[in-house]
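Me: Please walk me through this model. I will ask short questions and would like short answers.

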Amino acid sequence: MILAATTNESLAKMSDLLIYSSMAVYTLAFFAHIAEWVLGSRSKVGRTAAALTQQASAAATAVTVQVKQAAGSTAVLDKPKVVTRSAAGTRDVPDGPGASGGTVKGDLYGRIAVSLTVLAFAIEAAGVVSRALAVQRAPWGNMYEFSTTFSTVAVGSYLGFLLAKKNVRWIGLPLVTTVLLDLGLATTWLKTPSDQLVPALDSYWLWIHVSTAIFCGAVFYLAAVATVLYLFRDSYESKLASGGTPSAFARSVLERLPSAASLDKFSYRVNAAVFPLWTFTIIAGAIWAGDAWGRYWGWDAKEVWSFITWVGYAAYLHARATAGWKGRKAAYIALIAFGCFLFNYYGVNIFVTSKHSYAGVE
Amino acid sequence: MSTTDTTDTSGAAEAERTADAAAGAQLSTAPTEDRGDTPIGGPVLGVVGWIRWFWRQLTSMRVALILLFMLSLGAVPGSLIPQTSADELKVQAFKQAHETLTPLYEKLQFFDVYSSVWFSAIYILLFVSLIGCIVPRSWQFVGQLRSRPPGAPRRLDRLPAYATWRTEAEPEQVREAALTVLKGRRFRAHTAGDAIAAEKGYLREAGNLLFHVALIVILVAFAWGQLFKAEGGKLIVEGDGFSNTLTQYDDFKSGSQFGTEELEPFTFTLDSFDGTYEKSGPQRGTPRTFEAKVRYSEAGGAEKNAVIKVNEPLKVGGSKVYLIAHGYAPVVTVKDGRGKTVFHGAVPLLPIDNNITSTGAIKVMDGYRDKNGKKEQLGFQAFFVPTFAGAGAGTMFSQFPALDFPVMALTGYRGSLGVDSGLPQNVYQLDKSKLIQFTDKSGNKLADRLLPGETMTLPDGAGSITFEKDIKEWASFQISQQPGNGLALAGAIAAIAGLTGSLFIQRRRVWVRAVRGEDGVTVVEMAGLGRSESAKLPEELGDLAGTLTADAPPAAPAPEADPEDGDVPEPAEEPAEDPAPSGEADK
Ligand code: HEM
């Protein structure tokens, strides 16, 4: 009995230690990313501006498709190429070269930053798992646990995108910065000693509902970062297109980001892909509430804000299909929707009394 | 392609303008936006015209969007202001604390946001809009399914994805091969003139319609549930039973359309309640299991055994029995001045902390006479702990939720309990206004701490009260009947399925044109058009082209670049790797 208690406590201590260590490594990754941005340079030929002025003559992007030839065929004269054109109304601008600006030195620091992020992620994940083992349940009983899991999943998804060879390294710096912020908040304000779950939380629906909620939030977050960057990059591009001279900062930093169209597409795809899962999360929560409290929907504060978030994202998806609402307006809606998600997490837990209050902060 | 046009035309729309208008049409069933459709300043509209205008507005995407905004905005106050439906006491407290705001809030129905007139108006309008949108879209979609994909536009090279090559194969041969390949890839394809027209991804539209219909189903199920629901609470001590009739409930609420005769006829008996708790470690005292073992039977049916747990309600017909709370019910025996037992039974006490420190009242209403034979009522205030800290430990509060060291502290009163005044009384509290507390010989108030089996003797031969060894537990249940749950769940599942189809499937068209060029060599042109731009479309087209070139191998290019004109976009110098960082959306 005593033995079991001490293993639990030492596991909990180890979990804390791991979380702090991951913060240290994230900090290193943060500096490596800064070095990447500082040492990398923007492309010498402001390619966005070049593309925008060129556009009158031709659409720029083309994809060469390698076409397999039938064995023994001699007809290798002409492989059909697929030529793409963007829809009218979108600027045809190539993606920026990334933070490193194509320089070897910048790229080196970028790679170091990504490696450090991988390491920090592994340490943080170990911290979350050992916390789970220490409390012998899903590590999602209070805001501290929720926050640490949340940032782990956000970083994990980002690394997943990298692994799938998606062009997402530009998220690195903002992501690592906010992860540090999140962990800082978690380890100071939200720190809660490992403790018990109220019986109503003790259900397999906890695993289903809360894990999908965390995943949705983490991935919505990546999309929100892309949306914010889209708004900046979009005004940069329209300034260039209208012949204005953007600030030196914009020419250096924004120039290196992917094009506004790419950022917009990224955030749309992520939001659209997560939306059904978010719908499922709410439904799973309703089923759980039905089992635990005898009603599946009771307009509890947490339920209300989940619903508001859901309607917000539905409005975003609608806006993209509605004339006059595409582009920046839709992007603002997406940000409002994510704001609702955040409020549901921080605001409702801390300021509103709800059946769902599990902040664990006094 | 113009430099900086900010109009909202899509690639599809441009294709329409420049080439065959039908090519991109009906690629979805989204309503066309006729902005500028305002009757103000226009020709005078009759009533019918106005109604039609209003209807057109209501069912437009723009108004749907605005209504969605209003719905989420309207939901906000209900999460910040206490709601009658959730916590009536909190509403009372709020009203007392905010005297100036209260009248305003009451007028705005802010204490009942989700059943308020204005909130209902928003969602009813939204759903009318939704129905007004779905019905025509469904017909349109059926029409699309019954007709064939539109023929190729004249200028394929204007479309978002385009490929061309020359081949020695005959045009008919190429078309035939294309038809086979496209059909093999589950495109709906047919020959239209000199080209093959093909379309795929109808499930997107079907999914989208299914999703919107499912939303209506969920709303109907929800409304149905609200109108016909019934729920009530009942506290039951081990060994006692319950039969599902109105009079048996401690409290009962029902929807406006619920008739009490609709209560499901069933009965159940609580055989035992078991709680186990973590005994050591940082989690000491944490509940591990709560189980209520019951025997139940439906009207006239055989008796069955069941276990009800916190997250596992018992389902009887359309009713569910939830385990809500539990506590202890010590058994006491009260004897009167003449030694006659006037009360014997379990008294449920209410827990006040996690270790189930409990309080309550024992009321002896009738049958009691003092030693002189005078009729009186007795009341005892009980304070019970399942695990006592020990005498001198400085706390009377319980140390652990299980019955490790049960102790009950009692104080006694005599006089009138006030139960006959006709006012409803809290069974867990004594109304002491007409009661006199017993005092011992030295005039101190009588209070005693009893172990199971011990007896407290009342002074002056007024009788005694015994804390029996047998301590029972009670459990409280919520019995609810909510029709429409199954329907809501079905709607929810359909919504997710529909949404998945709608967001993950691309609806796109592919055309393959094969004509004999001036020099007698066949020119093959291929183009793809999706409802939205996607990196997958050029990929798919390239793949199709790859397959087709096996049947129609490329031949030497024509001497001049393109006979039509020089407008064919030149490939850029750098081969773009992935034109867009794509998420999972188009997996
Ligand atoms: C309860 C309210 C509603 C919700 C939650 C909702 C949600 C959604 C969602 C999530 C999509 C998917 C967007 C996409 O395919 O990218 C969608 C599409 C669509 N909705 Fe709604 N909707 C609602 C009401 C309406 C109403 C009232 C209309 C009628 C005007 C409407 C018309 C459409 C249309 C035409 C599409 C397809 C757009 C496209 O193909 O991209 N919806 N809706």
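Me: What length does helix α3 of chain B reach, from its first C-alpha to its last?
Reply: Helices here are DSSP runs of H or I with at least four residues, strands are runs of E with at least two, and both are numbered from the N terminus. Helix α3(B) covers residues 61-80, 20 in number. The expected span is 1.5 Å times one less than the number of residues, and 28 Å is the expected value here. The helix comes close to that, reaching 30 Å.

Me: What kind of model is this, and how is it numbered?
Reply: Residues count from 1 along each chain as its sequence is written, chains are lettered from A and ligands numbered from 1 in written order, and side-chain values use heavy atoms, without hydrogens and water. Local features need pLDDT of at least 70, side-chain atom pairs count only at pLDDT 80 or more, and totals for chains, interfaces and linings use all residues, as this model is predicted.

Me: How many residues of α3(B) are buried?
Reply: Buried means under 20% relative accessible area, exposed over 50%, and partly exposed in between, with a 1.4 Å probe and protein chains only. By that rule α3(B) is mostly covered. Of its 20 residues, the buried ones number 14.

Me: Which residues coordinate the iron atom of the ligand?
Reply: Donors are N, O and S atoms within 2.8 Å of the metal (3.2 Å for Na, K and Ca); water is not among the atoms, so sites may look incomplete. Two NE2 atoms lie at 1.9 to 2.0 Å from the iron. The pair crosses between chains, from helix α9 (residues 301-320) of chain A to helix α8 (residues 202-228) of chain B. The residues are A:H318 and B:H212.

Me: Are A:H318 and B:H212 buried or exposed?
Reply: A:H318 has a relative accessible area of 18%. For B:H212 the value is 9%. Each falls under the 20% limit, so A:H318 is buried and B:H212 is buried.

Me: What is the geometry at the iron atom of the ligand?
Reply: Six donors count as octahedral if opposite donors are over 155 degrees apart and all others between 65 and 115. Ideal octahedral angles are 90 or 180 degrees. Here the six donor atoms give angles of 80 to 180°, and the site is octahedral.

Me: Which strands stand at the edges of the six-stranded open sheet?
Reply: Two strands pair if DSSP finds at least two bridges between them. The order is β1(A)-β1(B)-β22(B)-β21(B)-β3(B)-β2(B), with antiparallel pairing. Each edge strand has a single partner, so one side of each lacks a neighbour in the sheet. These strands are β1 (83-84) of chain A and β2 (188-192) of chain B.

Me: Which residue in the turn between β21(B) and β22(B) has a positive phi?
Reply: The two strands pair in the antiparallel sense over nine bridges. They form a hairpin with five residues between them. A phi of about 85° belongs to B:G520.

Me: Which backbone oxygen does the side chain of A:T149 reach?
Reply: A:T149 sits in helix α4 (residues 143-163) of chain A. A:T149 is buried, at 6% relative accessible area. At 2.7 Å, its side chain reaches the backbone oxygen of A:E145.

Definitions and conventions
Tetrahedral: all angles 85-135°; square planar, octahedral: opposite > 155°, others 65-115°. Polar contact = N/O pair within 3.5 Å; in protein donor to acceptor, adjacent residues only side chain to side chain.
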